[in-house]
Amino acid sequence: MSLNRSSARTSSDNQLLIQTLTPSPRTPLLALAKRIAEAGCNLADARVATIGPDTSLTLLATGAWDAVAKLESALTKLAREEDLRLVHYRTGQREHHSHLLPYLIEVISADRPGILVKIIDFFDRRDIVIEQLSSLRYQAMQTGAEMFQAQITIGIPAATHIAALRDDFLEFCDGLNLDAIMDPVKF
């Protein structure tokens with residue numbers, strides 16, 4: 001007898017994505033982690049980022065359907081009590097794309113408007129998925145120049161000719177006077 005997907009469900013099939021924005025000193029990470037554990041859920045993934053004067057949290061909780069329902073109630077109450085900007089919704093299992101090869105892109109240049117848009121457009125036109133992106137502006141300590149830096153993890157379709165893509169990307173960056181590298185993710 002074979003099992004179909006619905007009869008082979010596990011307790012982690014129920015997932016709740018939680019996002020908050022708060023002023024940096026008031027980060028609710030501990031309070032949220034406690035509520036997740038108290039509801040009987042697991043904290044499967046967490047992302048914390050300070051952006052400007054604020055902190056952004058993105059958390060993924062997993063558990064049995066009743067534990068996730070209990071967590072939803074606790075989050076609604078927590079948002080009211082703590083005056084948090086909190087959004088949560090049920091989501092599903094992430095599809096694994098084994099046909100996508102993970103590569104890391106790093107770009108540094110003098111800052112100017114539109115750089116990130118052009119980089120994103122380069123990959124979008126080639127149907128390359130952006131998995132993670134982190135960018136910032138900063139002032140160079142040595143010269144005081146306004147600088148731009150980005151780290152991007154992309155998923156390249158396995159059928160793509162990597163050397164040709166790398167050549168196209170580096171030529172694109174040279175044309176914009178961007179210093180860039182494109183390496184496979186090794187973990």
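I started at arginine 126: its charged end sits over the ring of phenylalanine 122, 3.6 Å from the ring centre. For a charge to sit over a ring, NZ of Lys or CZ of Arg must be within 6 Å of the ring centre and within 35 degrees of the ring normal.

Before going on, I noted that this is a predicted model, where local features need pLDDT of at least 70 and side-chain atom pairs count only at pLDDT 80 or more, while totals for chains, interfaces and linings use all residues. Residues are numbered from 1 along each chain as its sequence is written, and side-chain values use heavy atoms, with hydrogens and water left out.

Confidence check. I looked up pLDDT (the predictor's confidence in each residue, from 0 to 100). The protein chain averages 89, and 93% of the residues score at least 70. Over residues 1-11 pLDDT stays under 50, and the model has four contacts (heavy atoms within 4.5 Å) beyond four places in sequence for them.

Rings. I searched the whole structure and got five aromatic pairs; rings of Phe, Tyr and Trp (its six-membered ring) pair if their centres lie within 6.5 Å. Phe122, Phe123, Phe169 and Phe172 are linked into a cluster by ring pairs.

Helix α3. Which residues of α3 are buried? In this helix (residues 115-124; a DSSP run of H or I, at least four residues, numbered from the N terminus), I found Ile115, Ile119, Phe122 and Phe123 buried (under 20% relative accessible area, 1.4 Å probe, protein chains only). Down the axis of α3 they fall within an arc of 90° (from the directions of the C-beta atoms off the helix axis), so they line one face of the helix. Val117 and Asp124 are exposed (over 50%) on the face turned away from the buried side. The cover over the buried residues includes β5 (100-110), β7 (146-157) and α4 (162-175).

Asparagine 14. I placed this residue in strand β1 (residues 14-23; strands are DSSP runs of E, at least two residues). Asparagine 14 counts as buried because its relative accessibility is 18%. Beyond four places in sequence, its contacts include Trp65, Val68 and Arg90.

Alanine 49. This one is in strand β2 (residues 42-51), and at 31% relative accessible area I logged alanine 49 as partly exposed (between the buried and exposed cut-offs). Beyond four places in sequence, alanine 49 is in contact with Asp54, Thr55 and Ser56. Histidine 99 is 50 residues from alanine 49 in sequence and 29 Å away in space, C-alpha to C-alpha.

Domains. The assignment (automatic or database) gives domain 1 (14-91) and domain 2 (100-184). I noted 31 Å between their C-alpha centres.

Conventions
Phe/Tyr/Trp six-rings, centres within 6.5 Å; stacked < 30°, edge-to-face > 60°.
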